[in-house]
Amino acid sequence: MHDTNSGSCLCGAVAWETSGKPASTYHCHCSMCRKAHGAAFGTYASLPAGLFRWRGGTDTIEDYRSSANLTRSFCSRCGSVVPNFEDDGSCAFVPTGCQDDGPPADYHIFFASRASWAGNSDNHLPSHADWPPGIDETPCPDRDSGPAEEGKVRGSCLCGTVEFRINEPFRAVYNCHCRRCRRARSAVFATNGFTSLDGVEITRGESDMVQYKPPEATYFTQVFCRTCGSKIPRKDPGRSVSVVPLGALDEDPGRGPDCHIFTAYRAKWHRIGDTLSRFDEGPE
Ligand SMILES: [Zn+2]
Ligand SMILES: [Zn+2]
Ligand SMILES: [Zn+2]
């Protein structure tokens, strides 16, 4: 059985390869992973560093220390979350959304922190409120969210440089399984909310937002915080909408996704566990 697996960021600058079986693979629902990925959760394969090899682009990687015991890494060109390591270098944590072939997750962690809109992905797997038993680590701290202002939902990046406010209800919310969203968010799927062009207001840190548009894209653009790599809403004048990665929200938007889109391109190692409509391509 050959089990070499490769992965890369959205722009392709950062690439890597793994061999052998990960020690474990898990969906992390903590609010820090949600922000870093701009998704409902982050999914990581944890494996001995000896089974991991960079294939290029390490000079474009930016690091951000998100808690006392965790440094997260992202591509400074496109914003994708890329593999990071245990402080002593013994263990690699590889985001499976960027991989060509899984592996499938074994369990959910920080399930007590999950977003209200997270749905029932891989709901046949065991879930742990924080770390699985036997792991003695400081929990990923959840960010505090203050009281919501009437009719507005606030969000921010992991380092707090960028803050924004959604001033109107979402017109639509989609779980998007396209390859581009998976690489951009380094997640098994993205959850995006849509407002009118002016429905999103950046209230802080606009000059710290970086944009990356793949050369072949018509509309798709990833926007992220220069310092922490968190995914930030983007204005899309071409379609007169703003697109919000729901993982960036600090407050409950009061609704979840309408459906799954581009499921023809979904991560085959991931099971959609809900009964929402599924569209092979774009929404109707
Ligand atoms: Zn990149
Ligand atoms: Zn986490
Ligand atoms: Zn930030």
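Two strands are said to pair if DSSP finds at least two bridges between them. That criterion is needed at several stops of this tour, which concerns a predicted model.

**First stop: strands S13 and S16**

Select strand S13, residues 163-166, together with strand S16, residues 200-204. The two run antiparallel and are joined by 4 bridges. To view one of these positions, display Arg165 and its bridge partner in S16, Glu201.

Now show the side chains of S13 alone. Which of them are buried? Phe164 and Ile166 point to one face of the strand and are buried, whereas Glu163 and Arg165 point to the other face and are not. The side chains thus alternate along the strand.

**Second stop: the hairpin of S12 and S13**

Keep S13 in view and add strand S12, residues 153-156. S12 and S13 pair in the antiparallel sense, over 4 bridges. Phe164, one of the buried residues of S13, stands opposite Gly155.

Next, follow the chain from S12 into S13. The hairpin has 6 residues between its strands. Select Gly160 in this hairpin: its phi is positive, near 85°.

**Third stop: an open sheet of five strands**

Turn to the open sheet whose 5 strands follow the order S9-S10-S4-S3-S11. The pairing within this sheet is mixed.

Select the pair formed by S4 and strand S10, the latter covering residues 91-95. These strands run antiparallel, with 5 bridges between them. Leu47 is a suitable residue to display here, with Ala92 as its bridge partner in S10.

Which strands stand at the edges of the sheet? They are S9 (84-85) and S11 (107-109). Each has a single partner strand, so one side of each is left without a neighbour in the sheet.

**Last stop: the two domains**

Finally, colour the chain by its domain assignment: domain 1 covers residues 5-113, and domain 2 covers residues 153-278. How many residues does each domain give to the contact? Domain 1 contributes 30 residues and domain 2 contributes 29.

On the side of domain 1 that touches domain 2, select helix H1 (31-37) and strands S4 (42-48), S6 (61-67) and S7 (70-75); these are the elements that give two or more residues to that side. The largest share, 5 residues, comes from H1. Colouring this side of domain 1 by class shows 15 nonpolar, 10 polar and 5 charged residues.

To end the tour, view both domains together: their centres, taken over C-alpha atoms, are separated by 19 Å.

How values were computed
Residues are numbered from 1 along each chain as its sequence is written. Chains are lettered from A and ligands numbered from 1 in the order in which they are written. This is a predicted model: local features need pLDDT of at least 70, side-chain atom pairs count only at pLDDT 80 or more; totals for chains, interfaces and linings use all residues. Domain bounds come from an automatic or database domain assignment. Two residues are in contact if their C-beta atoms, placed from the backbone, lie within 7 Å. Ala, Val, Leu, Ile, Met, Phe, Trp, Tyr, Cys and Pro count as nonpolar, Asp, Glu, Lys and Arg as charged, and the others, Gly among them, as polar. A residue is buried if 20 or more other C-beta atoms lie within 10 Å of its own, exposed if 12 or fewer, and partly exposed in between; C-beta atoms are placed from the backbone.
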